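Let's take a walk through this one, from the core out to a sheet and then down to a single side chain. Have the viewer open as you read.

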Amino acid sequence: GCVLSIVNEMKQFPSSLHLTSRFEPTLACYDSGGFYLPHVDTNKTDDRILTAIYYLNADWDESLGGALRLHKADDGKDVDVLPTLDSMVLFRADEVLHEVRPSFAKRLALSIWFTGSCSQTSAEKPAAGDDDWEDDWEDDWEDDDSDAVIYRPELDDP
């Protein structure tokens with residue numbers, strides 16, 4: 001299932017994440033008009049290192065807004081992820097600036113923050129093509145060079 005896929009994909013990450021057994025789950029419900037301003041998911045004293053967000057919204061489309069926007073510091077090209085049912089996003093809690101854009105319907109997201117440390121920052125990751133690690137990604141996982149991993153089940157469709 002999805003959890004086993006996440007574990008396998010995390011083994012392929014070029015940085016060395018050392019996760020503790022401690023995690024912090026939260027179920028967020030945004031009413032219509034809800035949003036969250038740009039932020040990172042740690043205050044540097046809580047040891048959050050990895051964010052996983054799983055979406056629970058059936059029949060979601062772009063007209064409903066509520067996208068997770070991942071801000072890219074290097075080239076300024078932000079990445080928007082719609083909160084569609086059974087999608088998941090993984091990113092570094094201590095590095096990735098992100099926000100929730102205004103939602104025009106009730107929006108549900110399960111966020112889990114994993115604690116730990118990292119021996120390598122994402123800025124030190126090998127560039128695309130420098131290693132074989134990217135070749136091992138399954139077809140339903142997307143690496144869009146945004147310092148995030150996005151699981152979208154519709155990528156399995158032929």
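What follows looks at the nonpolar cores, an open sheet and one isoleucine. Keep in mind that this is a predicted model.

Start with the inside. The largest nonpolar core has 12 residues, among them Ile53, Tyr55, Leu68, Leu70, Val79, Val81, Val89, Phe91 and Ile150. Which elements give two or more residues to this core? They are strand 3 (48–55), strand 4 (68–70), strand 5 (79–81), strand 6 (88–92) and strand 10 (148–151). There's also a second, separate core of 5 residues, including Ala52, Met88, Leu90 and Val149.

Now for the sheet. It is an open one made of 4 strands in the order 2-7-4-5, with antiparallel pairing. Strand 2 (36–39) and strand 5 sit at the edges, and each has a single partner strand, so one side of each goes without a neighbour in the sheet. On average, neighbouring strands here are turned by 15 degrees against each other, ignoring direction. Zoom in on strands 4 and 5: this antiparallel pair is joined by 3 bridges. Leucine 68 has valine 81 in strand 5 as its bridge partner, and both residues also belong to the largest core.

Last stop: isoleucine 49, which lies in strand 3. Is it buried or exposed? Isoleucine 49 counts as buried, because its relative accessibility is 4% and the cut-off is under 20%. Phenylalanine 114 is 65 residues away from isoleucine 49 in sequence, yet their C-alpha atoms are 6.0 Å apart in space. Beyond its neighbours within four places in sequence, isoleucine 49 is in contact with residues including Leu17, Leu19, Phe91, Phe114 and Cys118.

Methods: Residues numbered from 1 in each chain as written. Predicted model: local features only at pLDDT ≥ 70, side-chain atom pairs only at ≥ 80, totals over all residues. Heavy atoms only, no water. Core = buried A, V, L, I, M, F, W, Y, C linked by side-chain atoms within 4.5 Å. Buried < 20%, exposed > 50% of the residue type's maximum accessible area, 1.4 Å probe, protein only. Pairing = 2+ DSSP bridges. Axes fitted to C-alpha atoms, helices over the stretch in contact; angles between N-to-C directions. Contact = heavy atoms within 4.5 Å.
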